[in-house]
Amino acid sequence: KQWYQRRVRGVWPTDLSGLIKSVGVLSWTWWGLCFAAVPGLRLTMPDYPRTFRVFLPVTFFACLGSLYLMIGPFFDDPVPCFIWLGIGALGIPIYYGFVDEQNKCKGWMNWLLKKLSLWLRASL
């Protein structure tokens with residue numbers, strides 16, 4: 001075999017269907033939240049300018065579809081699904097600590113980073 005075929009096989013996951021199922025749970029969770037936000041934003045900000053409008057029953061069926069695609073893999077193999085949901089949940093404090101423009105959580109994020117850097121210095 002060629003050298004590039006051996007390298008790709010070393011990097012590429014062997015269980016691709018498991019990877020797709022696990023990552024699919026996380027992606028369909030976020031898509032479902034986006035679909036669910038459409039009616040909420042339509043009610044709270046009805047005069048906000050939008051580039052296009054979506055027929056509300058479409059968002060309802062999209063939410064149902066994403067809910068099915070999100071819950072289905074838990075019945076097949078729940079452990080990787082919980083791992084990926086945990087990885088996704090780690091992004092929430094990162095968002096509020098670093099991306100949020102209003103800096104709602106700046107105090108506890110600075111405290112957490114200081115503790116983490118002290119722990120890393122002590123362990124290394």
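Colleague: By class, how many nonpolar, polar and charged residues does the lining of the largest pocket have?

Modeller: This is a predicted model, and in it the largest pocket holds about 200 Å³ of space. Its lining is made up of Cys34, Ala37, Val38, Leu41, Arg42, Arg50, Thr51, Phe52, Arg53 and Val54. Sorted by class, that lining has 6 nonpolar, 1 polar and 3 charged residues.

Colleague: Cysteine 34 is among the residues that line this pocket, so how many disulfides does a search of the whole structure find?

Modeller: A disulfide needs two cysteine sulfur atoms within 2.5 Å. The closest cysteine sulfur to that of cysteine 34 belongs to cysteine 63 and is 9.8 Å away, which is too far for a bond. Seen from cysteine 63, the closest cysteine sulfur is likewise in cysteine 34, again at 9.8 Å. For the whole structure, the number of disulfides found is therefore 0.

Colleague: Is cysteine 63 buried, partly exposed or exposed?

Modeller: Buried would require a relative accessible area under 20%, and exposed one over 50%. The relative accessibility of cysteine 63 is 22%, so this residue counts as partly exposed.

Colleague: Is the aromatic pair of phenylalanine 60 and phenylalanine 61 stacked, tilted or edge-to-face?

Modeller: A pair of aromatic rings is described by the distance of the centres and the angle of the planes. The structure holds 2 aromatic pairs, and in the one formed by phenylalanine 60 and phenylalanine 61 the distance is 5.5 Å centre to centre, with 65° between the planes. Because planes over 60 degrees apart count as edge-to-face, this pair is edge-to-face.

Conventions
Residues numbered from 1 in each chain as written. Predicted model: local features only at pLDDT ≥ 70, side-chain atom pairs only at ≥ 80, totals over all residues. Heavy atoms only, no water. Phe/Tyr/Trp six-rings, centres within 6.5 Å; stacked < 30°, edge-to-face > 60°. 1 Å grid on protein atoms, 1.4 Å probe; cavity = no way out; pocket = protein on both sides within 12 Å on 5 of 7 lines; lining within 4 Å. Points joined across faces, edges and corners; volume = space filled by probe spheres on them. Nonpolar A, V, L, I, M, F, W, Y, C, P; charged D, E, K, R; others polar. Buried < 20%, exposed > 50% of the residue type's maximum accessible area, 1.4 Å probe, protein only.
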